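Reader: Hello! I'm new to this structure and would love a close look at one part of it. Could you pick a spot and then show me how it connects to what surrounds it?

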Amino acid sequence: MGFQKKTGKGRLDKYYRLAKEKGYRARAAFKLLQLNKKFGFLQNSKVVIDLCAAPGSWCQVAVEAMPRGSLIVGVDLSPIKPIPGVITFQSDITTDKCRAELRRHLKTWKADAVLHDGAPNVGTAWIQDSFNQAELTLQSLKLACEFLVEGGTFCTKVFRSAQYNQLLWIFGQLFDKVDATKPPSSRNVSAEIFCVCRGFKAPKHIDPRFLDPRTAFADLKETVNTDEARVYKPEQKKRKRGGYEEGDYTLYKEVLASDFVESTDPISILANTNRLVLETLEPSLSLSALNKMPDTTVEIRQYCSDLKVLGRSEFKRLLKWRITAREAFGLPTKKTSKPTTVEEEVAEVESMDEELKIQEELQAMKDKDSAKRKREKRKENERKTKEIRRLQMHMTAPMDIGVESASGQEGMFQLKSLEKDNAAAKVAKGRMVVVTERQKKDQDSGIGSSGETDDESDDLNDALERELDQHWDAYQERRANYEARLKRRKQEEDGEWEGVSADEQESSDDEIVEESDESDDEDDEAPQRLLTDLDNTAKDPSLSKRATKFFSQDIFKDIPGLEQSDSESSAGEDEKMVDTEVTSKLEVKSKASEKAPKTTSKRGARDAALAVIGEMNETENDNQEADDWEDKNRRADDKPSIDIITAEAMMLAHQLATGQKTTHDVVDENFDKYAFRDRDGLPDWFIDDEGKHDKKQKPITKEAAQAIKEKMRALNARPIKKVREAQARKKFKTAQRLEKLKKKSDLLANEEGMTEKEKAESIAKLLGKARKKAPKRSVKVVVAKGVNRGIQGRPKGVKGRYKIVDARMKKEMRAQKRIAKRK
Ligand SMILES: C[S@@+](CC[C@H](N)C(=O)[O-])C[C@H]1O[C@@H](n2cnc3c(N)ncnc32)[C@H](O)[C@@H]1O
């Protein structure tokens, strides 16, 4: 499962799909997201340069992560489709033109971060590629040095190539802290890693050799390009980056085979020559001797004819042939070696051979070893990925995974936590609480055998707690969404009430005054919100809007003299409330009624009923968040918005309104064995779950359930606010047009120079014109592909209004829609 294919569908992994889903242009976006999650350099940045930015996913991430109004400049060889809030241009980052353009965009500002994810588009040998990559990195570092502010961050891609250590060393000279990391979204098969260099030292003078690839990677070039390397490792052919040798500007070289045999540096000849000549026009003694040698086989002749195509074994055979020839010519070889200078030279070749053999063997062993380690690492990664996936699918508990992956580094890169910073904070908080409590418990009880077992079980518990906390967060998130939907509905409902009559307006003004009086007295009372609101509604003799609406439901229809009975019972009710002082809420309520006995006593019971219903609703919602939400979501007139949304609350309201129950009964009923449960120290998710069951389940009447159903149906049937607004706008415009028309026809009617017939005709004409609907102007959509790709201005053959779209835009819009739908 963790295995990543290098080609084909294997490349379209989960990050690819996630990028599509989230509307990022490339899966690379997750690399920056994960790096930023770990090092947090974007949040505080106001100016960022993105080098090699196409197609632009890093820019998209930067826009999301950076504060609003930040300056983001992206540059690439390829064009970048526009991204809102990002300046992009096309240029080669290794050129002065690019530097000048960056300077123009940044003006006098300095960048807080420079990002570089460049990859040269070279498809030759890997060694060559990696070398270019390192050069590109050095080039981006050069730009970073020019544009970074002191203390700034440089985030760059590097390859684990031969130049890697040099690059790290250079980074270390210029930055306070250098971290090399491979984010999980970077494919295992890729040799790329990312260096996040923080705290730019901004030295006044930087030795140019630091940033010049020729000096920065100088020694490496030499080792790779030696003649020995070219002969013994011909598969690693290198371009001659330094250009032609001084005074030698030819590409094709021929050397006499006799010179090769006689030479003391045969390796150099083999490395730098195209052909060994065995036959010349001018007669040569040594050449004819060589040709006559039995060892000069057809194969050897073929080898000599084109040295550039030879492999290691062919070179070796040529070297052997040379030794045989030297023996035949009586020239010194290793076998006949004596301590003479010439012999030494010959012996050197042989020793090179042996040394090379040893080196090869060593290299082979090393390769084998590293391949084994890689295999093991890959297996381990696969195993971890598998376990994490199983955990995500709730197929296993987190303790099955190594502690490291459950709580360590990898946790940093979890996508879920990426999306929800808040959630992460909660998890962290939860973890701290759990640890403290367990420690306490351990101290108190002294339970636990050996320290080792304790540690293990702690880790397991920790992991379990974390998982539970995660579930809890997910649940809270769902709940928040639900509440947000509810809130929207409520706001719409309140919006509808905005158009109240003048009378209502007056009464509501009164309410505000009365409310402010009360609130002075009861500033510190927590439940005041609910009671104040309901008191307010009660002080209007013609009932508040919400109460009117509530009591106008079918369920209350058959109750004769509702007002009367309410007022009668309420007086007694209020007195009782004052006497008993059951709860602080009711106390507040009763105080309020004492203050204004005349106005409030009539509707005391109903107010109390609504207050309790409000509480019921709260209990139903069953958490503190609902309270907070209510605090935040007060109506325009600063009253909390309370609504009956459960069948239970509806039933209670009905019972209270019809006098079947008094507020006392309701309060009394709530004092039961569940009321005084000790919930201290219990985790939130547990309390939340318990909350559903640790109360008396009250029977719900058919009528109450029906009333709630009706209420919801009515709520759903209403058009949304936007539609209502559009309808109102249309109405208003029509009225305006009508007014205009009226004025014009009046003018025509009063026109003196016209006959009655002419007037009638003109007015009819006016009316006819007004009746005509303006034709809808259609917009032609042109996709910017094929001949239309990259055109400026109107596409050929298109008349009228047009809009150019591109495939990318289309995809992005689809992705946006998908995301919106999911929310
Ligand atoms: C891996 S992509 C970058 C992806 C990008 N970070 C994103 O998130 O969409 C590498 C880019 O480097 C660009 N590149 C390579 N050499 C360059 C150069 N010399 N100047 C500018 N861009 C270069 C390539 O055109 C390519 O688009």
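Author: Setting aside the neighbours within four places in sequence, V63 is in contact with I72, I83, G85 and V86. Please keep in mind that you are looking at a predicted model. V63 itself belongs to helix α3, which covers residues 57–65. Is V63 buried or exposed? With 18 other C-beta atoms within 10 Å, V63 counts as partly exposed, because a residue needs 20 or more such atoms to be buried and 12 or fewer to be exposed. P84 is another residue to look at here: 21 residues separate it from V63 along the chain, and their C-alpha atoms are 8.4 Å apart.

One of the contacts of V63, I72, leads us on to the sheet. Strand β2 covers residues 71–76, and it takes its place in an open sheet of 7 strands, ordered β3-β2-β1-β4-β5-β7-β6, with mixed pairing. The edges of this sheet are β3 (87–90) and β6 (175–181); each has a single partner strand, so one side of each has no neighbour in the sheet. From one strand to the next, the twist averages 15°.

Now let's walk through the sheet. Strands of a sheet pair through backbone hydrogen bonds, and the pairing can be parallel or antiparallel. Strand β1, residues 47–51, pairs with β4 in the parallel sense over 4 bridges, and I49 stands opposite V114 of β4. How many residues of β4 are buried? Strand β4 runs over residues 111–116 and is mostly covered, with 6 of its 6 residues buried.

On to the next strand in the order. β4 also pairs with β5 (residues 148–159), again in the parallel sense, here over 5 bridges. V114 comes back at this point, since it stands opposite F154 in β5, and L115 has C155 of β5 as its bridge partner. Strand β5 is mostly covered too, with 9 of its 12 residues buried. The sense then changes: β5 and β7 pair in the antiparallel sense, over 6 bridges. There, V158 stands opposite I193 in β7.

Helices pack on this sheet as well. Helix α4, residues 96–106, lies across β1, β2, β3 and β4 and runs at about 165° to β2. Helix α6, residues 164–174, touches β5, β6 and β7 (192–200), and its direction makes about 145° with that of β6.

There is a ligand to find too. Which residues come nearest to it? Of the 22 residues around the ligand, those are C52, A54, S57, W58 and D117. S57 takes us back to where we began, as helix α3 covers residues 57–65. The shell around the ligand divides into 13 nonpolar, 5 polar and 4 charged residues.

Finally, let's step back to the whole chain. It has 34 helices and 11 strands, and buried residues make up 24% of its 823 residues. Among the contacts with a separation of 6 or more, 65% join residues 24 or more positions apart. For a contrast with the covered strands, look at helix α32, residues 721–750: it is hardly covered, and the count of buried residues among its 30 residues is 0. At 1.5 Å a residue, α32 should span 44 Å, which agrees with the 43 Å between its end C-alpha atoms.

Terms used: Residues are numbered from 1 along each chain as its sequence is written. This is a predicted model: local features need pLDDT of at least 70, side-chain atom pairs count only at pLDDT 80 or more; totals for chains, interfaces and linings use all residues. A residue is near a molecule or strand if its C-beta atom, placed from the backbone, lies within 6 Å of it. Ala, Val, Leu, Ile, Met, Phe, Trp, Tyr, Cys and Pro count as nonpolar, Asp, Glu, Lys and Arg as charged, and the others, Gly among them, as polar. Helices (H or I, at least four residues) and strands (E, at least two) are DSSP runs, numbered from the N terminus. Two residues are in contact if their C-beta atoms, placed from the backbone, lie within 7 Å. Two strands pair if DSSP finds at least two bridges between them. Axes are lines fitted to C-alpha atoms, for helices over the stretch in contact, and angles run from 0 to 180 degrees between N-to-C directions. The expected span of a helix is 1.5 Å times one less than its number of residues.
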